[in-house]
Amino acid sequence: MMEDHKPEWYAQARKGPFGNKKFTMRHADNVIRRIQEDQQRAESYSGKRLPVQLLAVASFIVLLGLGVFFLNGRFLGNDSSNPAQTEVSSHFTEAELQRNADQVMQSLLGKTYPLDHREWLKEQQQIFYSYQKGEDSAYIWINYETGELVQTKMSAMLTTAEIDAEMKTRAEEIKGKLGYANDSAYDVLRYVEYDAKQHSGVKIENNFRAEKWRIGFVNGEFDYASATLEASAVSEETRQAGEEALKILRGTGGDEELSLVFRAMDKDQDTFTLQYGSKVSVTFDTVTRRIEQISDTNPRASDKTDPKQLTVLDRELSLIDGDRLREKAAPLLTKIFSVADVGEYSLLKRDQEPGNLTFHKLGSPEITVYYDSDLTIWKVKEDLPASQS
């Protein structure tokens with residue numbers, strides 16, 4: 001199974017859903033544990049679930065843009081019941097606050113789930129709701145003074161019937177480009193995220209997933225696609241181009257067999273990577289066949305290189321004229337990336353990791369060179385300027 005695209009809050013979930021470190025309420029550990037378990041399920045086979053009707057989503061985004069999601073008698077209707085509220089002062093009853101949370105969930109998901117947990121957060125003036133049904137879940141934070149939606153994080157699996165027809169058609173077209181036109185065994189994982197402090201509106205990710213390919217949309221727009229292909233799908237011409245690229249980097253050939261091909265697409269780029277063994281690879285632009293990256297075995301993977309030595313080397317090469325690195329890199333950059341004069345490039349430290357420097361020239365693609373402590377170059381990568389990518 002390929003690695004899933006997960007939003008940043010999945011990684012942040014281990015810090016707990018409540019940003020305030022002073023939060024120690026009775027059920028917080030349960031909430032955090034549940035999010036961690038959801039994350040682990042996501043890593044094994046994509047996480048949580050959550051069906052959504054796109055028309056409801058669209059209307060919810062409009063309502064958020066208009067600031068409609070707040071509580072008042074006209075919007076929600078008055079509730080004659082007034083349950084006891086847990087040591088907080090609020091203009092709204094618990095029933096009204098929960099009804100608002102229910103409406104947020106209904107607008108995003110087209111359905112509601114049973115309330116699993118509720119927590120009053122006095123320091124933040126918020127009430128937190130956790131809804132759970134099987135692996136489907138929704139976390140919602142409401143300001144209990146104003147009734148406004150503060151934050152929500154949801155994820156779920158969509159059934160085929162719940163996938164927007166237009167998006168499904170576009171996914172089918174992209175799936176065909178990836179070489180899996182006849183593969184109908186897939187599901188869709190949706191993430192929903194909103195944070196009022198970010199002022200960025202609702203973010204809705206739809207991830208179409210199968211064993212060997214992924215296609216993602218964000219707010220209805222194509223975001224990424226990736227697929228693994230069998231080595232047999234590569235033409236002999238492409239195989240030879242990959243082998244020649246490795247020879248340029250190494251100065252000699254290798255005995256690694258082509259093991260797989262990886263295709264990656266986004267709104268700006270379309271690349272494919274030939275992988276030899278488990279660590280050696282060559283990446284091309286799918287359309288132009290231009291080499292974008294060649295990567296040999298990383299010497300540091302076997303602890304042969306001291307990171308401290310590389311850090312000192314980076315500093316020396318970037319602060320002085322860097323003639324040693326230029327001399328080593330010039331033949332490679334000329335053959336691989338058609339660089340006419342390496343001397344026209346300045347050396348920059350873009351990456352915090354030791355053992356690499358970037359050749360920079362205004363208006364030209366940047367080229368990052370990775371090296372060992374004896375200046376053996378084991379990886380080169382070209383990045384087009386934003387205007388060209």
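## Aromatic pairs and nonpolar cores

Count the aromatic pairs here and you get 10, where rings of Phe, Tyr and Trp (its six-membered ring) pair if their centres lie within 6.5 Å; planes under 30 degrees apart are stacked, over 60 edge-to-face and the rest tilted. One stacked pair is F128 with Y139, at 6.1 Å centre to centre and 25° between the planes. It joins distant parts of the chain, with the partners 11 residues apart. Both F128 and Y139 are buried, meaning under 20% relative accessible area with a 1.4 Å probe, protein chains only.

This is a predicted model: local features need pLDDT of at least 70, side-chain atom pairs count only at pLDDT 80 or more, and totals for chains, interfaces and linings use all residues. Numbering runs from 1 along each chain as its sequence is written, and side-chain values use heavy atoms, without hydrogens and water.

Here is where that pair sits, by strand (DSSP runs of E, at least two residues, numbered from the N terminus):

| Residue | Strand | Span |
|---|---|---|
| F128 | β2 | residues 126-133 |
| Y139 | β3 | residues 136-143 |

Elsewhere, Y186, F208, W213, F217 and F222 make up one aromatic cluster.

Now for the cores, sets of buried Ala, Val, Leu, Ile, Met, Phe, Trp, Tyr and Cys residues joined through side-chain atoms within 4.5 Å. The largest has 55 residues, and F208, L333, F359, V369 and Y371 touch the most other members. A second, separate core holds 22 residues, including L108, L109, I127 and I140.

Note on methods:
Helices (H or I, at least four residues) and strands (E, at least two) are DSSP runs, numbered from the N terminus. Buried means under 20% relative accessible area, exposed over 50%, partly exposed in between (1.4 Å probe, protein chains only).
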